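Biologist: Please take one helix of this model and go through it closely. Then carry on outward to a few single residues.

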Amino acid sequence: MESRKIIDILRGTIDPALRQQAEDELTKMKKIIGFTPALLQVVMMGDVDMPVRQAGVIYLKNMVTQHWKDAEYEGGEPIPFHIHEQDRAMIRDAIVDAVVHAPDLVRVQLAVCTYQMVKYDFPNRWTNIVDKISIYLQNPDTSLWNGSLLCLYQLVKNFEYKRKDDRAPLHEAMRLLLPMCYERMVHLLPDPSEHSTLLQKLILKIYYALTQYHLPLDLLDREQFTRWMEVIRQVADRPVPDQTLQVDEDERPDLPWWKIKKWALHILARIFERYGCPSTVHSDYKEFANWYIKTFSAGVLQVLLKILNLYRSKVYVSPRVLQQTLNYLEQGVGQSVAWKLLKPHMLSVVQDVLFPLMCYSDADQELWNSDPYEYVRVKFDIYEDLVSPVTAAQGLLLSTVRKRKEMLEKTMVFLMQVLTTPNVDPRHKDGVMHMIGTLGGVLLKKKIYKDQMETMIAQYVFPEFQSPYGFMRARACWILQNFDEIKFKSEQNIVAAMNCIQNALLNDHELPVKVEAAMALSAFLASQNKAEKIVEPNIQAIVQELLKVIKETENDDLTNVMCKIVTTYTDQLTPIAVEMCTQLAATFQQVVDAEEGADEKAITAMGLLSTIETLINCMEENPKIMEQIEPITLQVVGLILTKNVMEFYEEALALVYSLTSTRISPDLWKCFEMMFQMFKSDGFDYFTEMMPALHNYITVDTEGFISSEARIAAVFEMCKTMLTQDCAEDDECHAAKLLEVIVLQCQGRINQCLGSIIQLVVERLLREVKTAELRTMLLQVIIAVLYTAPDTLLQVLESTTLPNTTTTLTSHFIKQWIHDTDCFLGLHDRKICVLGMCTLLQLGPERLGVLQECHKEIIPAVLMLFQGLKRAYAAKASEENSDDEDDGEDDEDIEHEVLESDEDELDDTGDEYLEKLGEKVKKASATSPFAITATVEDEEEDDDDSDDEMDETALESFTTPLDREECEVDEYCVFKDVMQTLEANAPVWYQALTTGLSAEQQKVMQEVATLADQRRAAAQSKKIQQSGGYNFQQTAVPTSFNFGGSFGS
């Protein structure tokens, strides 16, 4: 293919006037065999302008990403385009050479191509990538190593997260390449140049990707692992060149000399955390961990303490290096071997490293002053926490005082010394409060401290709300959040705390203070019973201020605060509910329209939608307010559905569900139409999220649903789509459940639709069904039709035969149903199953000949259902009667959690924990006056039916008329009445059904009859009570019965 033509077309893609025409040309050319290799050739031409080469390599990357994989298609469909194998073979032969020789701007895109090619072709079609990389790594010219190492990195990255059993091809390749990487690393180490350092960094990234989830002990024996550890230790230990100090401090972390240190420490921290802690490691690595911690702890900790010494000596250390160093130490605190080495230095680390890190810094001050919105974003960004040395310092501080003796006391002595120093620097005071707040949970559980905390807050925290420094006012709010569970002895102090928080939120001029105050308010409302009354007089002003702050900051944590306030003060907020909803909707529009920070904005937007949902749920019993909130909310929903903003579909559908919970207005029926259109365009994957709202449309306004054939047809079409397309069976279960709801809810009023429903369900039953859940749910739809319209069902079933047989569907359905009776779980499913069986019994063998074949199985199946129902009703009653008691005050001292110097921290889910616990039981039994016979064992799976009872299935929340409390159809009573009628009017059929019952089954029959009488009496008593009549002494169903007398007596 002519290169010049491709070059001209690529040049056209850069020119706005020619772009569309050029892109159309490329779309035509890409399907021609030979185009893709020719494109790669153009990309590698040194005499072509760089913008053209970049346009070419981006098009190539998109081609490989989208069309490299063999296209999947079903017979009869047109074959989708994919790059021809002839072209793929040429690209495979050339890509490593291209990556090696390409300039950086092109190389990065070619690396993405390599990753995709490895993903689909290695090892089956492309083993020679290993040989190509090997040849370049053996070449003494270091300029060729970068590209070959980059290709190796793509190879390793493809296997990084794969299971151990799936990594064999990678390990085979690394037997050859890993020793080469080590040799190249050793060769490069003495050279501190930027080029050399970047190559070393890439080798460490390969090593990290290889080892971070599985340590290949078959590749790395102890000798090889030790060599790598020595190389990594050297990288972590060696000084950074002096010229780096000339670079601005904000830019230093991106310098290669700091980046390679970050990767070295990243490896050390990961190896120690995942494979090197003997007491918490997986059993596969137990032997390795014991060897690792004894062999490497001293050397590694020496390097890490040296790094911390640089920091405390005011020598620059990059934030990520500091963070990873502290992470390693946090793991080490829990291991006795490491702790013995750390212990002499730990107080110094707390005082000279952790304390300065946790003080308010110059960088904090600069950001607060220049951009308080960004300051708030950074402080509440969980992704920042993952890489922040301050967060790592908090973690190390907390682990140290929790796990090691005397460290809490020594730390608190130091902090109080700083706090009580005359004219203490406000930043130091901030650091002290930061550390004390971090330790809040520990201090409140230690007897010697918890009683002093209230005094400490009153003496040192309350005054800071008047501080001239905004950061100290914010810190005062923050520390109260961390002591929200304190048990105030003085009511004056809790009133003071709440007044300080309210004042900070309402009147402080600094945005970060307001945000921290809002968080503190939420924490106190959740933990302090008296807080609610104290705040109540100002709640409307607080909410209006909070809405303003949410709009300014778009902070998702604040939306959670708003949810908490709305649920706590529903009545007080009713007068401003509409205003609140309007502001929340406006802020949502603002967030969605913003282009920057899409991921963070999405979280905030979801929080706003969640807050609107909470507001609706709280106001749903106030029709006047709901009438005004509804149109505002529907504007938001309409925006999401009509603009196909898919990331908010779930929240929009949740809003529709909330709006339709009690009434459905004409506007909400218009919204139903929007939902249907959304389903048809791209809502296929969101059917289960639509289900609660669809259920409301059918059950809350059944008249409105039935009055429009289009609405019935829309729901049927959605269910049909789910049951005829290639959907997950859980989604199909939801569709079947919705059909069952329609059948039972609209009983007798949609007979014209029943034939289509039966046909749809039967056709799905006759195709492959993998799960019992779907099979029983489909059967349940047919059972519901049998119960509500037996003639219609039998007419359809008896006119249809199984494919390639003369067997009617009636026979097949009834046999399958009886066979699957044990698969019906929960209250509703068993109830409809019993009612369906009762219908079968009433129809009898005269109407259904198949019953002659299986009549002996019917009553045992029904009795099994009743036994399940009895357990399920008991579990439901138990759940309803159990008081929502608090777990009790968590006042125990945490002294038992502190480890001796020679003890290791244990993983309380691991084997070693259970072994150690068993040893303690044995020791206790030796000195105990009582015999201890209990053993400590790992928890096994429960028996199959142990769990079967709260046994509400996931779909039972979609209720039908049979599930309502006022429902007069009682399955026990129906069964008893049917059996008595058969006994009187069809004795031959009755005898056939009951003759073969065992003594145990006859006993259960009698229990069911007795229980039917008791349930009938309880229902009558309840009716009389509700109508204002007398009240029986006992209306609840007893938990045990005296089963006497004959059936039906």
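Modeller: What follows starts with one helix, moves to a helix that covers it, and ends with single residues. This is a predicted model, in which local features need pLDDT of at least 70, side-chain atom pairs count only at pLDDT 80 or more, and totals for chains, interfaces and linings use all residues. Residues are numbered from 1 along each chain as its sequence is written, and side-chain values use heavy atoms, with hydrogens and water left out.

Start with α9, residues 168-188. Helices here are DSSP runs of H or I with at least four residues, numbered from the N terminus. The expected span of a helix is 1.5 Å times one less than its number of residues. For the 21 residues of α9 that gives 30 Å, and the end C-alpha atoms are 29 Å apart, so the two agree. Still, α9 has a kink of about 50 degrees, centred on Met174. The bend at a residue is the angle between axes fitted to the seven residues ending there and the seven starting there.

Which residues of α9 are buried? They are Leu170, His171, Ala173, Met174, Leu177, Leu178, Met180, Cys181, Tyr182, Arg184, Met185 and Leu188. Buried means under 20% relative accessible area, exposed means over 50%, and partly exposed lies in between (1.4 Å probe, protein chains only). Met174 is thus both the centre of the kink and one of the buried residues. The cover over these buried residues includes α7 (128-138), α8 (145-159), α10 (194-211), α11 (222-237) and α12 (256-275). Contact means heavy atoms within 4.5 Å.

Now turn to α7. Its buried residues are Ile129, Val130, Ile133, Ser134, Tyr136 and Leu137. They sit on the same side of α7, because they cover an arc of only 165 degrees around the axis. That arc is taken over the directions from the helix axis to the C-beta atoms. The face turned away from the buried side carries Ile135 and Gln138, both exposed. Cover for the buried residues of α7 includes α5 (85-101), α6 (104-121), α8 and α9.

Leu137 leads to a distant residue. Between its C-alpha and that of Glu510 there are 58 Å in space and 373 residues in sequence. Glu510 lies in the loop between α26 (491-507) and α27 (511-527). At 28% relative accessibility, Glu510 is partly exposed. Leaving out residues up to four places away in sequence, Glu510 touches Trp368, Gly470 and Arg473. The side chains of Glu510 and Trp368 make a polar contact of 3.0 Å. A polar contact is a pair of N or O atoms within 3.5 Å; within protein, one must be able to donate a hydrogen and the other to accept it, and residues adjacent in sequence count only if both atoms are side-chain atoms.

Next, Met837 in α45 (residues 827-847). Met837 has 0% relative accessibility, so it counts as buried. Beyond residues up to four places away in sequence, Met837 touches Trp817, Ile818, Thr821, Ile858, Ala861 and Val862.

His855 is in α46 (residues 851-881). His855 is buried, with a relative accessible area of 13%. A polar atom of its side chain lies 2.9 Å from the backbone oxygen of Gln852.

Last, the cysteines. With a disulfide taken as a pair of cysteine sulfur atoms within 2.5 Å, the count is zero. The sulfur of Cys581 is 12 Å from the closest cysteine sulfur, in Cys618, so a bond is ruled out as too far. Cys746 is in no disulfide either; the nearest cysteine sulfur, that of Cys753, is 8.7 Å away.

Definitions and conventions: Helix = DSSP H or I, 4+ residues; strand = E, 2+ residues; numbered from the N terminus.
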